[in-house]
Amino acid sequence: MNNSVIEEDLEAILGTSLPWQELSGRTVLITGASGLIPSYMVDTCMALNRRPLLDSPVHVLVLVRNEAAARSRFARYQNNPHLEFLVQDVCEPVSWPGRVDFIIHAASQASPKYYNADPVGTLSANVMGTLNLLKLAVEKQVESMLFLSSGEIYGQVPDAFIPTKEEDWGHVNPMSVRSCYAESKRMAETMCVCWHHQYGVPVKVVRPYHTYGPGMKLDDGRVFADFVGNILNRQDIAMTSEGTAIRAFCYLADATAGFFTILLNGVNGEAYNIGNPEGAVSISELASTLVSLFPEYGLKVVRSAPSGQYVPSKIDKNIPDITRAMKLGWRPSTGITAGFSRTIRSYSANYRKEGTI
């Protein structure tokens, strides 16, 4: 991994005008911490401790199921006293003897390949995991809690609702296995609102849209990860569909700044779209863009038969209206050309040598 890209990203995130001092001397619990999005939030907290932005270091408690994978991801912080591991399934009650001041609940299987192979595991982290963390938030009287939902909760919306505002609603079929993700995120959002209403939990909800960037698993089943893997392996990009679906792609550093904006400045009990409407392209256009970034490789986009591994989405177009988050001062600034160039550059230093990520 080319850490210069990550360090530049962290500088950009910490350059966001936010009340970082609120994290001074606090303990932040982050679930699913080895995942793409939460791991960048861990990196951001640890970067805060290396800069003169806090009076006292922030302490990060990472909740993970796979300890070995987590220790590998955070190996650069080995022996750092401000990073601590809590190894357990978030679906089990969360018990911690020390203080917890902030909770970021990001544990979830977000790749469509799990929706078919493990729908129960997918929905459990969202429903049971959220229940356990809301109870912990009450017990610890946290200062703020952030739940990472998804832009998928909108389901199929009419064209009049695109770009989609937080108060717009579409159709999700509860009798579809693929709805295990969207419906469980919807349930978890309602739980957040109810715990805020009844117990005063200061919880905010963010709805990320197609977040990509350094550190994403290239075999996780999402199309943009497959495409990046193709470029790194000097392979033609194989399209298994017409690629007409339109998605809004948001670079990881932009999204991370957005999540901290909502954690620190968001309104309790509210939901916020975090995505980049300027990064909206069809899957076919994305494939062509990535190939064109590296003409020296001589790659092209080709057609291929579907593998049958994934449960396809019926949503044709998914673009957020981010007005609500922008009113808090957040705005994405990285387009897909720059963002995917940075992503590929973050892997390329070691990829050809090691042959794996």
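Start by selecting strand S6: 6 of its 6 residues are buried, so the strand is largely enclosed by the rest of the structure. Buried here means under 20% relative accessible area, exposed means over 50%, and partly exposed is in between (1.4 Å probe, protein chains only). Helices (H or I, at least four residues) and strands (E, at least two) are DSSP runs, numbered from the N terminus.

The model is predicted: local features need pLDDT of at least 70 and side-chain atom pairs count only at pLDDT 80 or more, while totals for chains, interfaces and linings use all residues. Residues are numbered from 1 along each chain as its sequence is written, and side-chain values use heavy atoms, with hydrogens and water left out.

**Strand S6 and its neighbours**

Show the side chains of S6. Val-203, Val-205 and Arg-207 are buried on one side, and Lys-204, Val-206 and Pro-208 are buried on the other. Both faces of the strand are thus covered.

Add strand S5 (residues 144–148), which runs parallel to S6 and is joined to S6 by 4 bridges. Two strands count as paired if DSSP finds at least two bridges between them. To locate the register, select Met-145, whose bridge partner in S6 is Val-203.

Next add strand S11 (residues 271–274), which pairs with S6 in the parallel sense, also over 4 bridges. Here Arg-207 stands opposite Asn-273 of S11.

Now display helix H6 together with S5 and S6: these three elements make a right-handed β-α-β unit. Right-handed means that, with the strands pointing away from the viewer, the path from the first strand over the helix to the second runs clockwise.

**Salt bridges**

Stay on Arg-207, whose side chain meets that of Glu-189 in a salt bridge (2.6 Å, N to O). The pair links distant parts of the chain, with Arg-207 in strand S6 (residues 203–208) and Glu-189 in helix H6 (residues 179–199), 18 residues apart. Both Arg-207 and Glu-189 are buried. The term salt bridge covers a side-chain nitrogen of Lys or Arg within 4 Å of a carboxyl oxygen of Asp or Glu. The structure holds 18 of these.

Move to Asp-9 and Arg-342, a salt bridge in which the closest N and O atoms are 3.0 Å apart. Asp-9 lies in helix H1 (residues 3–14) and Arg-342 in helix H11 (residues 336–354), so this pair ties together parts that are 333 residues apart in sequence. Asp-9 and Arg-342 are both buried.

Then select Arg-51 and Glu-11, bridged with the closest N and O atoms 2.5 Å apart. Arg-51 is in the loop between helix H2 (36–48) and strand S2 (59–64), and Glu-11 is in helix H1, 40 residues away in the chain. Arg-51 is buried, at a relative accessible area of 18%, whereas Glu-11 is partly exposed at 43%.

**Aromatic pairs**

Colour the aromatic side chains; there are 11 aromatic pairs in the structure. Rings of Phe, Tyr and Trp (its six-membered ring) pair if their centres lie within 6.5 Å; planes under 30 degrees apart count as stacked, over 60 as edge-to-face and the rest as tilted.

Tyr-212 and Phe-340 form a stacked pair, 3.9 Å centre to centre with 5° between the planes. Tyr-212 belongs to strand S7 (residues 211–212) and Phe-340 to helix H11, 128 residues apart, so the pair links distant parts of the chain. Tyr-212 is buried, and Phe-340 is buried as well. Phe-294 and Tyr-297 are also stacked, at 5.2 Å centre to centre and 5° between the planes. Of this pair, Phe-294 is buried at 14% relative accessibility, while Tyr-297 is partly exposed at 27%.

For a wider selection, take Tyr-212, Phe-224, Phe-249, Tyr-251 and Phe-340, which ring pairs link into a cluster.

**Charges over rings**

Keep Tyr-297 in view and add Arg-234, which lies over the face of Tyr-297 at 3.8 Å from the ring centre. The criterion is NZ of Lys or CZ of Arg within 6 Å of the ring centre and within 35 degrees of the ring normal. Arg-71 is placed likewise over the face of Phe-85, at 4.1 Å from the ring centre.

**Cysteines**

Finish with the cysteines: a search of the whole structure finds 0 disulfides, a disulfide being a pair of cysteine sulfur atoms within 2.5 Å. For Cys-45, the nearest cysteine sulfur is that of Cys-250, 18 Å away. Cys-45 is buried, at 1% relative accessibility. For Cys-194, the nearest is the sulfur of Cys-192, at 9.4 Å, and Cys-194 is partly exposed at 38% relative accessibility.
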